[in-house]
Amino acid sequence: MNNLGLEKLELREIELPLKAPFETSFGTAFKRRILILRVFNRDGAVGYSECTAPEEPFFNHETTDSAWTIITKYIAPLLTKANIHSAEDVSKALAPIRGNRMAIGGVETAIWELESRIADQPLWKHLGGTQTEINSGVSIGLQKSTDILLEKVTREVDSGYQRIKLKIKPGQDIELVKTIRNAFPDILLSVDANSAYRLERDLDILKQLDDFDLLMIEQPLAAGDIVDHAKLQQQLKTSICLDESITCLADARHALELGSCRIINIKLGRVGGHSEARAIQAYASERNIPVWCGGMLESGIGRAHNIAMSTLAGFTLPGDVSASARYWNEDIIVPPVEVSSRGTITAPTAPGIGYAINESLIEKITTRSEVVDMRAT
């Protein structure tokens with residue numbers, strides 16, 4: 001029997017409509033199919049998490065459906081057989097699984113939350129976080145016109161957000177960035193390409209972005225690439241930030257050794273959970289490489305895990321953890337995540353993720369569910 005006393009794992013898929021469509025270089029989201037996880041131990045303690053795999057395999061290879069299969073058919077059985085003393089043991093127990101970091105991260109983060117509740121401690125403190133307040137930025141999707149984009153940026157700047165990130169793609173880049181920079185010459189501004197550009201085709205365009213005093217250009221080239229990013233970084237004044245290319249500590253080490261980036265975006269699901277996120281931020285911090293928390297249009301549960309992760313010392317740049325009300329008419333946590341007029345979020349003081357779960361709403365919007373027995377036989 002494992003020492004955490006894991007008894008069962010519950011999977012629920014919920015459907016949440018976005019308040020407004022969110023467009024990136026690889027598609028437009030109108031709603032989210034979100035996989036919510038609950039892990040129970042024999043004493044009745046519960047840990048909550050969210051698997052951040054998207055609906056379609058365009059950000060990476062994982063989807064909501066593939067994660068469901070990997071969790072029920074492989075992750076749960078491996079953990080049932082393993083001698084899990086603590087949440088830190090989960091990654092090692094699941095090491096035989098290749099890839100599928102978001103599926104792994106969904107379960108791993110639930111066990112971290114369970115363990116923090118057992119310890120009667122806020123998750124962020126249990127992880128070793130030191131920042132009682134985190135700085136918040138926003139990510140703004142591609143818009144139908146520059147005027148609409150300017151209106152949205154103005155609203156977010158007025159709300160106090162500390163960094164504005166614009167989604168870009170070929171044909172929707174230089175002019176819109178120029179418009180926003182001219183309107184707001186002093187704001188912290190970055191762009192995110194989600195792998196939309198190619199070095200041999202788009203070098204001149206990417207070099208033009210140096211003119212706008214950007215904090216960073218996020219993942220301009222292919223997902224997984226670090227070689228072409230290294231070549232590109234040598235030709236840019238602006239820092240490259242890697243996102244889709246960093247799925248584990250080894251990726252971060254390789255990228256930094258090659259000089260592929262000067263900033264790293266850590267997405268909790270993409271790197272496989274809290275243990276790997278802690279390792280990446282520690283490695284980067286030792287080398288004076290700033291990291292920040294990226295978003296995947298999470299519900300409140302995933303957002304609360306991001307807050308906890310962002311309190312770690314290495315997270316020195318404003319992340320994508322913004323207010324629930326930017327995305328949802330009603331979130332599945334109470335209270336919803338709120339951002340102060342200074343663009344900050346206070347780390348909660350209650351045990352676990354620090355927010356109450358709106359179980360009645362989750363029940364109402366659940367489209368399927370499954371319970372997996374994790375008692376060792």
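**Close-up views of a predicted model**

A search of the whole structure, which is a predicted model, turns up 3 cavities of 30 Å³ or more. The legends below take you through the largest cavity, a pocket, three helix pairs and two backbone details.

**View 1. The largest cavity and its lining.** The largest cavity has a volume of about 70 Å³. If you would like to pick out the lining in your viewer, select E50, C51, T52, M102, G105, G106, T109, L268, G269, G302, H305 and N306. Two or more residues of this lining come from each of β3 (46-51), α3 and α11 (300-310). Helix α3 gives the most, with 4 residues. Sorted by class, the lining of the largest cavity has 3 nonpolar, 8 polar and 1 charged residues.

**View 2. The second largest pocket.** Here we turn from a cavity to a pocket, the second largest one, with a volume of about 410 Å³. Its lining is made of 22 residues, and K152, R155, E156, R326 and Y327 are the ones that lie nearest the centre of the pocket. The elements that each supply two or more lining residues are β1 (6-24), β5 (138-140) and α5 (146-159). Strand β1 gives the most to this lining, with 6 residues. By class, the second largest pocket is lined by 11 nonpolar, 5 polar and 6 charged residues.

**View 3. Helix α1 against helix α3.** Helix α3, met above in the lining of the largest cavity, also packs with a neighbour. The axes of α1 (residues 64-81) and α3 (residues 101-118) come within 9 Å and cross at roughly 55 degrees. The two helices are therefore oblique to each other, and α1 passes α3 in a right-handed crossing. On the α1 side, the contact is made by A67, I70, I71, I75 and L79, and on the α3 side by A103, I104, V107 and I111. What classes of residue make up this contact of α1 with α3? The residues divide into 9 nonpolar, no polar and no charged.

**View 4. Helix α5 against helix α6.** Helix α5, one of the elements that line the second largest pocket, is shown here with α6. The axes of α5 and α6 (residues 174-183) come within 10 Å, crossing at roughly 40 degrees. This pair is therefore oblique, and α5 passes α6 in a right-handed crossing. To find the contact, look for T146, L149, L150 and V153 of α5 and for L176, T179, I180 and A183 of α6. By class, the contact of α5 with α6 has 6 nonpolar, 2 polar and no charged residues.

**View 5. Helix α9 beside helix α10.** How are α9 and α10 set relative to each other, roughly parallel or roughly antiparallel? The axes of α9 (residues 249-258) and α10 (residues 274-286) come within 9 Å and cross at roughly 20 degrees. That angle makes α9 roughly parallel to α10, because angles under 35 degrees count as such. Helix α9 passes α10 in a right-handed crossing. Residues L249, A252, R253, L256 and E257 of α9 meet E276, A279, I280 and Y283 of α10. The contact of α9 with α10 divides into 6 nonpolar, no polar and 3 charged residues.

**View 6. A cis peptide bond at P335.** This view moves to the backbone. The peptide bond that joins V334 and P335 is cis, with omega at about -10 degrees. P335 lies in the loop between β12 (333-334) and β13 (344-346).

**View 7. The backbone at D120.** Where in the chain does D120 lie? You will find D120 in the loop between α3 and α4 (123-126). Phi of D120 is near 55 degrees, which is a positive value in a residue other than glycine.

Technical notes:
Residues numbered from 1 in each chain as written. Predicted model: local features only at pLDDT ≥ 70, side-chain atom pairs only at ≥ 80, totals over all residues. Heavy atoms only, no water. 1 Å grid on protein atoms, 1.4 Å probe; cavity = no way out; pocket = protein on both sides within 12 Å on 5 of 7 lines; lining within 4 Å. Points joined across faces, edges and corners; volume = space filled by probe spheres on them. Nonpolar A, V, L, I, M, F, W, Y, C, P; charged D, E, K, R; others polar. Axes fitted to C-alpha atoms, helices over the stretch in contact; angles between N-to-C directions. Parallel < 35°, antiparallel > 145°, perpendicular 65-115°, else oblique. Left-handed = near helix turned anticlockwise from the far one by under 90°. Contact = heavy atoms within 4.5 Å.
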